[in-house]
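Student: I have a model open and would like to go through it with you. Can we start broad and then go down to single residues?

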Amino acid sequence: MDASTDTPAEVSSPPVAEEETPWLTAKEQQFWRAHLEVSHLLEYQLGRELQPHGLANNDYEILVVLSESPDRRMRMTDLATATLQSKSRLSHQITRMESAGLVLRQECPGDRRGLFAHLTEHGWDILRKVAPDHVRSVRHHFIDRFTPEQIDALYAALAPVAEHLRGLKGRS
């Protein structure tokens, strides 16, 4: 134990000198904050535009992921991974979506503990009805704000970041 902090000595870490911290430059800080603002505002706006359809962003994402899966179903653990949700949070989300008739839980053959989330016909109909509006919103609020060259450049810049973060997903 470290007597000064009452914590195990192996848990306490040596102080990092402030001059060793790679602080963001003013331009980097401006870029980072613009990214955060765009991410939050875009998610907020798209969510507002899904509300009249009775959906939240997470609902829509789950419907899309299930619609793109074989037989429009996916193991709950895989769906949690695909949507970056905890198993518990996804379970609550699926319960709400089940109540709305959008999805069903089904047992996995050969795995007594495993469950599938299955897109219902009603869920499929809702997705087909909402998707055109959602795509128009994405286009209006995001895609159409860029030239084709900017889209290419932004994709080239963001793809390695996404790849890096996907590689870290699941590590503790």
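Tutor: We will take the overall layout, then the helices and the core, then the charged pairs and the surface.

Student: Fine. What kind of model is this?

Tutor: It is a predicted model.

Student: How many helices and strands does the secondary structure come to?

Tutor: There are six helices and three strands. Reading from the N terminus, the order is α-α-β-α-α-β-β-α-α.

Student: And what share of the residues is buried?

Tutor: Of the 172 residues, 23% are buried. The accessible surface is about 12800 Å², and carbon and sulfur atoms account for 57% of that.

Student: What about contacts between residues far apart in sequence?

Tutor: Take the contacts between residues at least 6 apart in sequence: 46% of them join residues at least 24 apart.

Student: On to H1. How far does it reach from its first C-alpha to its last?

Tutor: H1 covers residues 26-50, which is 25 residues, and it reaches 36 Å. That is close to the 36 Å expected at 1.5 Å a residue.

Student: Which residues of H1 are buried?

Tutor: Leu42, Leu46, Gly47 and Leu50.

Student: What do those pack against?

Tutor: The buried residues of H1 pack against two helices, H2 (57-67) and H5 (121-141).

Student: H2, then. Is it mostly covered or mostly open?

Tutor: Mostly covered, with eight of its eleven residues buried. They are Asn57, Asn58, Asp59, Tyr60, Ile62, Leu63, Val65 and Leu66.

Student: Why does Asn58 count as buried?

Tutor: Asn58 counts as buried because its relative accessible area is 18%, and the cut-off for buried is under 20%.

Student: What is Asn58 in contact with?

Tutor: Setting aside neighbours within four places in sequence, Asn58 is in contact with Gln85, Arg89 and Gln93.

Student: Now the largest nonpolar core. How many residues does it have?

Tutor: That core has 22 residues, and the ones with the most contacts inside it are Leu55, Leu66, Leu79 and Ile94. The elements that give two or more residues to it are H2, H3 (76-82), H4 (87-99), strand E3 (111-119) and H5. H2 gives the most, with five residues. As a general point, nonpolar side chains in soluble globular proteins tend to be buried together.

Student: Leu66 is in that list. What does it touch?

Tutor: Not counting residues up to four places away in sequence, Leu66 touches Arg72, Arg73, Met74, Leu79, Val103, Ala117, His118 and Leu119.

Student: Let's change topic to backbone angles. Which residue in the loop between H2 and E1 has a phi near 55 degrees?

Tutor: Arg72, where the value is positive although the residue is not a glycine. Arg72 sits in the loop between H2 and E1. Asp71 lies in that loop, and it has a positive phi of about 60 degrees without being a glycine.

Student: Are those two residues buried or exposed?

Tutor: Asp71 is exposed, at 59% relative accessible area. Arg72 is partly exposed, at 24%.

Student: What does the Arg72 side chain pair with?

Tutor: It meets Glu121 in a salt bridge, at 3.5 Å from N to O. This pair links distant parts of the chain: Glu121 is in helix H5, Arg72 is in the loop between H2 and E1, and they are 49 residues apart. Glu121 is exposed, with a relative accessible area of 52%.

Student: How many salt bridges does the structure hold?

Tutor: Five. One of them joins Glu98 and Arg105 at 3.1 Å. Glu98 is partly exposed at 28%, and Arg105 is partly exposed at 23%.

Student: Which salt bridge has both residues in helix H5?

Tutor: Arg128 and Asp125, which are three residues apart, about one turn of the helix. Their side chains meet at 3.7 Å, N to O. An α-helix has 3.6 residues a turn, so residues three or four places apart point the same way. Asp125 is partly exposed, at 40% relative accessible area.

Student: Last one, the surface. Which residues make the nonpolar patch?

Tutor: Val161, Leu165 and Leu168 make a nonpolar surface patch of about 240 Å². Leu165 is found in helix H6, residues 148-168.

Key. Residues are numbered from 1 along each chain as its sequence is written. This is a predicted model: local features need pLDDT of at least 70, side-chain atom pairs count only at pLDDT 80 or more; totals for chains, interfaces and linings use all residues. Side-chain values use heavy atoms; hydrogens and water are left out. Helices (H or I, at least four residues) and strands (E, at least two) are DSSP runs, numbered from the N terminus. The expected span of a helix is 1.5 Å times one less than its number of residues. Buried means under 20% relative accessible area, exposed over 50%, partly exposed in between (1.4 Å probe, protein chains only). Contact means heavy atoms within 4.5 Å. A nonpolar core is a set of buried Ala, Val, Leu, Ile, Met, Phe, Trp, Tyr and Cys residues joined through side-chain atoms within 4.5 Å. Patches are made of residues with over 30% relative accessible area and no salt bridge: like charges are joined within 9 Å, nonpolar side chains (Val, Leu, Ile, Met, Phe, Trp, Tyr) within 5 Å. Accessible areas come from the Shrake-Rupley method with a 1.4 Å probe; for residues, only the protein chains shown count as cover. A salt bridge is a side-chain nitrogen of Lys or Arg within 4 Å of a carboxyl oxygen of Asp or Glu.
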